[in-house]
Amino acid sequence: MSSPLLEIKGLKKYFLRQQAFWQKWTGKKEYIYAVDGVSFSVNKGETVGLVGESGCGKSTLGRTILRLYEPTAGEIYFDGEKINDLRGDELLQLRRRMQIIFQDPFASLNPRQTVEKIIGLPLKIQGMKGRELSERIDELLEQVGLARVHRKRFPHQFSGGQRQRVGIARALAVNPSFVVADEPVSALDVSIQAQIINLLQELQEKMGLTYLFIAHDLSVVSYVSDRIVVMYLGQVMEMGPAEEIFSSPQHPYTKALLSSIPRIGKKNPSTGRIILEGSVPSPLNPPAGCKFNTRCFIKNKPAACFHEPPPLIEGAPGHYAACHLLG
Amino acid sequence: MAELLKIKDLQVHFFTDYGVVKAVDGIDLTLQEGEALGILGESGCGKSMTALAVMGLVPFPGRITGGEIIFAGRDLCRLTEKEMRRIRGKEIAMIFQDPLTTLNPVLKVGEQITEAIRLHHEEGDLSPASGRRGFFRFWEDRRRREMAAWKKAVEMMEKVGIPSPELRMEEYPHQFSGGMRQRAMIAIALSCNPRLLIADELTTALDVTIQAQILDLMRRIKEDFRTSILFISHDLGAISELCDRAAVMYAGKIVETGSVQEITGAPFHPYTQGILASIPRLGEKEYRIKPIPGNVPDLGDLPAGCSFFPRCPYGQAKCKTELPPLEEAGEGRQVRCFYWRQIRAQREEEGGIGGELSFAGD
Ligand SMILES: Nc1ncnc2c1ncn2[C@@H]1O[C@H](COP(=O)(O)OP(=O)(O)OP(=O)(O)O)[C@@H](O)[C@H]1O
Ligand SMILES: Nc1ncnc2c1ncn2[C@@H]1O[C@H](COP(=O)(O)OP(=O)(O)OP(=O)(O)O)[C@@H](O)[C@H]1O
Ligand code: SF4
Ligand SMILES: [Mg+2]
Ligand SMILES: [Mg+2]
C-alpha cells in the first residue's frame, strides 16, 4: 500500500450568500453549505473519482484542496505537510505541485493569448526563460499530441478536444505531482472524449501523476478510477474501490445513481430501475439528519434518518458508506 | 404503421462570408406513426438544423436548398409561412435545445403554458359558449375560456410530473430546477397535442437521476399519447433507452440507420463502430476504449469523397475521391460505406453479430 499524497480531514467550505441590503441591516446571514465535512485520502499514483449530481460541491471541494478557496474548516495535508495556512512563496511552491484542469477549455483559456503564451506563463512565473522555455513548450505540446505549428495559434482556432489538450499542457507545464481534473471531458464529443481520457492515462503512467478526477458521467469515472467517492449535498455518501462501488453499491443514493445510467443496448430499462423523485435540495438549508432523506426511496426508514446524520461506516475493507440502514 | 414523416435528400446550406457551410447535406429519413426515432451525432453535425428544417425555422443565413420534407402527405418545403405556422402550432411541436428560446424568463410558467394552450385550441374546444345573451356575454365567454385554459394547464403540468402544479404555475422559469424546466417545456410542447414531437438534446444538460425521470416521462408520452418522437441526442445511452430506431449522422449526412438493437449491437458503419468503441463500458474495467483518431471535418470545407475517410480505419483509395451512397443493408437498415459488406462479414467471423456484444455492464 502506498502512502497518501493528499489527505483531507473534515473539510468544509461554506459560501456566504449574496445578501440584499435589508438583510445586511438585520444582520441575518445565510450560508451555502457547499462542502460540509469531507474526509478522504488519495494515494500516490492513484486516480480517485469524485461523482455526484450538479451542485453537490465537487468543484468547490477540488478548488478548496488546491487552496483556490479558503477552507471554512478542516485540514488538508499534502505529502504529509499541512497546507491550510501556507501563504505567499510557500503557496507558490505548492502550486507547482498541484494543478487543475477545467471542464470548459474555452472559458479557462485567455482568448487573446497564443498557445505558446498560455503554456509559457506558469513556466515564466517559475523563472524559466529563453531557449529552455521554448524547448519545454515544444516538449509539452508533443506530450499532449499537438505540434509545433500550433504554438502561434489562438484558442478559438482549435477544436474543443485540441483546446482541452492545451489546458492539459498548461497544467502539466510545471511538472505537478497531483492534478485535479474537474470534468475534463464533459464538454467533449464521445470520440474526442476517448482521446482525452487515453491521453490523461498515458500521462499518468509516464509522469507518475496522481489524479482527483471529477465527473458526473459514471461510466467515465468507473473507467479511469481506482477508488470512487460519491458525494451528495456536500457530504460523502459512499466511497471505496471502483469495482466494488459498481458491483455492490451499499448506499441507496449510489444504487439509484447507478441504476439511472442509460444502458446502451439494454431493452427494458424501466423494469427494476430506481428512479429518484424530485431534485437535489438547496444547499442553503439542507435537510437535517441524512441529507439524502428527502429523496431516499427506502420505505419505513428509521426515525434516525430525519434527525441524526449517519456516520461513514467501513462495511468492507476500504469501502465506506453513510446510511443508518448499514449501521 | 403509416409513414408520418419522410425526409428526402434534404439540404440546408448556410451562405456565409467565408463560403457555403453544408450543415445538412442530403438527409433521408422516415418516421412511422407512433415511432420514436433517435438522431445521434457529434456536435455540429447538423442535427438541430435538420429539426429546424422540419419546423420551417432554419435561421438566416441558412436556407433549405433542396429536398423534400413530406409530413402526413404534404411537402412542408412548399407550404406558405401561414400554412406552416398552423402545422407548427397543431401538428408538430419542438422542444428546442436552448431552453431560453422556449421559456420566457419574465413570464410565469403557468402563463406560458396557458398561452400555448390558448394558441393551439380553437375558441370552441376549450369551453362551449355560455349561451348568455347581451352585453356581458363577451366577457363571460372570455373568462370561461381563460379558466378552462388554466385548468388544462394545471392538468398538463400534472401529466408531466410537476408536483403541486397550482403553486408552480405562479413561479418563474428561474425558480425551476433543470429537470422541472425540461418538464415545463414538454408540457408546452404537448399542449397542442402534436402528432410529431421533436426533442432536441432534451436530457443533455441534466443529471443522470433527472435524466432517468425525463426519459421515463418521454416513454410514457410515447405509449399513452401515441405521439411520434424525433429524439435528437449525442448520447447513445439515452437514444437506446427511448427509441425504436436510430439514425447516425456525421458531417451533415446520415451514415447509418437501423433498429436500436442493430445500431448498438452490430453496427456496420466504421463511424458507428468507432463511437461504440469510444464509450467506456460500465463495470468492465478490462475493456479498453479505442478513440477515433483526428477531428470532425469542417462543414465549410468537406473532403471530396467519404467525409469519414480521414479518420476511418478501413478507408481505401476509392473512399478518398468518391462519395459512398446510402445503401440498403437489410430491412429498415441503411449504411453509407463502400465496404459495409466486408465489415459485416468480418464481424460475423468474429461472432459479434446479432446483438451478442454487450455494452455498459448488462
Ligand atoms: N463562489 C461561489 N459563491 C457562492 N456559491 C458558490 C460558489 N461556488 C459554488 N457555489 C455553490 O456551491 C454549491 C456547490 O457548487 P459546485 O460548483 O462545487 O458544485 P459541483 O458539484 O461542481 O456541480 P457541477 O456538477 O454543476 O459542476 C452550489 O450550490 C453552488 O451554487
Ligand atoms: N449561422 C450560421 N452560420 C454558419 N454556419 C452555421 C450557422 N449556424 C449553424 N451553422 C453550422 O451548421 C452546422 C450544423 O449545426 P447544428 O446546430 O445543426 O449542429 P448540431 O448537430 O445540432 O450540434 P450540437 O450537438 O452542438 O447541437 C454546424 O457545423 C454549424 O457550424
Ligand atoms: S466509405 Fe470508406 S472511408 Fe467511408 S466509412 Fe466506409 S471505408 Fe471508411
Ligand atoms: Mg463543477
Ligand atoms: Mg444541436
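# Three ligands and two sheets: a quick tour

Ligand 2 has 15 residues around it, and the ones that come nearest are B:Ser43, B:Gly44, B:Lys47, B:Ser48 and B:Met49. Keep in mind that this is a predicted model. Below, we walk through the surroundings of ligand 2, then look at how the strands of chain B line up, and then turn to chain A and ligand 3.

**Around ligand 2 (chain B)**

- Let's start with the backbone: an N or O atom from the backbone of B:Gly46 sits 3.0 Å from an oxygen atom of ligand 2, and for a backbone N or O atom of B:Cys45 the distance to an oxygen atom of the ligand is 3.3 Å.
- B:Ser48 joins in with its side chain, where an N or O atom is 2.7 Å from an oxygen atom of ligand 2.
- How much of ligand 2 does the protein bury? Taken alone, the ligand exposes 640 Å², and the protein buries 72% of that.
- S1 and H1 of chain B each give at least two residues to the shell around ligand 2, with H1(B) providing the largest share, three residues.
- Sorted by class, this shell has six nonpolar, six polar and three charged residues.

**The sheet in chain B**

- Chain B has an open sheet of four strands in the order S2-S1-S4-S5, and the pairing is antiparallel.
- Which strands sit at the edges? They are S2 (19–32) and S5 (74–75) of chain B, and each of them pairs on one side only.
- Strand S1 (residues 3–16) and strand S4 (residues 62–71) of chain B are antiparallel partners joined over eight bridges.
- To spot this pairing in the structure, look for B:Lys6, which stands opposite B:Ile70 in S4(B).
- Helix H1 (residues 47–55) of chain B packs on the sheet and touches S1, S2 and S4 of that chain. The direction of H1 makes about 110° with that of S1(B).
- As a general reminder, strands of a sheet pair through backbone hydrogen bonds, in either a parallel or an antiparallel way.

**Around ligand 1 (chain A)**

- Over in chain A, 14 residues surround ligand 1, and A:Ser54, A:Gly55, A:Lys58, A:Ser59 and A:Thr60 come nearest.
- Two serines reach oxygen atoms of ligand 1 with polar side-chain atoms: the distance is 2.6 Å for A:Ser54 and 2.7 Å for A:Ser59.
- A:Cys56 uses its backbone instead, with an N or O atom 3.3 Å from an oxygen atom of ligand 1.
- Ligand 1 exposes 630 Å² when taken alone, and the protein buries 65% of that.
- Strand S2 (31–43) and helix H2 (58–65) of chain A are the elements that give two or more residues to this shell, and H2(A) has the largest share with three residues.
- The shell around ligand 1 splits into six nonpolar, five polar and three charged residues.

**Strand pairs in chain A**

- Strand S1 (residues 4–16) and strand S4 (residues 73–78) of chain A run antiparallel and are joined by five bridges; here, A:Lys9 has A:Glu75 in S4(A) as its bridge partner.
- S4(A) also runs antiparallel to strand S5 (residues 81–82) of chain A, with two bridges between them, and A:Tyr77 stands opposite A:Lys82 in S5(A).
- S4(A) and S5(A) make a hairpin with two residues between them, and A:Asp79 in the turn has a positive phi of about 55°.

**Around ligand 3 (chain B)**

- Of the 13 residues around ligand 3, those that come nearest are B:Pro270, B:Cys306, B:Cys312, B:Cys319 and B:Cys337.
- How many charged residues are in this shell? There are no charged residues, alongside 11 nonpolar and two polar ones.

Conventions:
Residues are numbered from 1 along each chain as its sequence is written. Chains are lettered from A and ligands numbered from 1 in the order in which they are written. This is a predicted model: local features need pLDDT of at least 70, side-chain atom pairs count only at pLDDT 80 or more; totals for chains, interfaces and linings use all residues. Side-chain values use heavy atoms; hydrogens and water are left out. A residue is near a molecule or strand if one of its heavy atoms lies within 4 Å of it. A polar contact is a pair of N or O atoms within 3.5 Å; within protein, one must be able to donate a hydrogen and the other to accept it, and residues adjacent in sequence count only if both atoms are side-chain atoms. Accessible areas come from the Shrake-Rupley method with a 1.4 Å probe; for residues, only the protein chains shown count as cover. Ala, Val, Leu, Ile, Met, Phe, Trp, Tyr, Cys and Pro count as nonpolar, Asp, Glu, Lys and Arg as charged, and the others, Gly among them, as polar. Two strands pair if DSSP finds at least two bridges between them. Contact means heavy atoms within 4.5 Å. Axes are lines fitted to C-alpha atoms, for helices over the stretch in contact, and angles run from 0 to 180 degrees between N-to-C directions.
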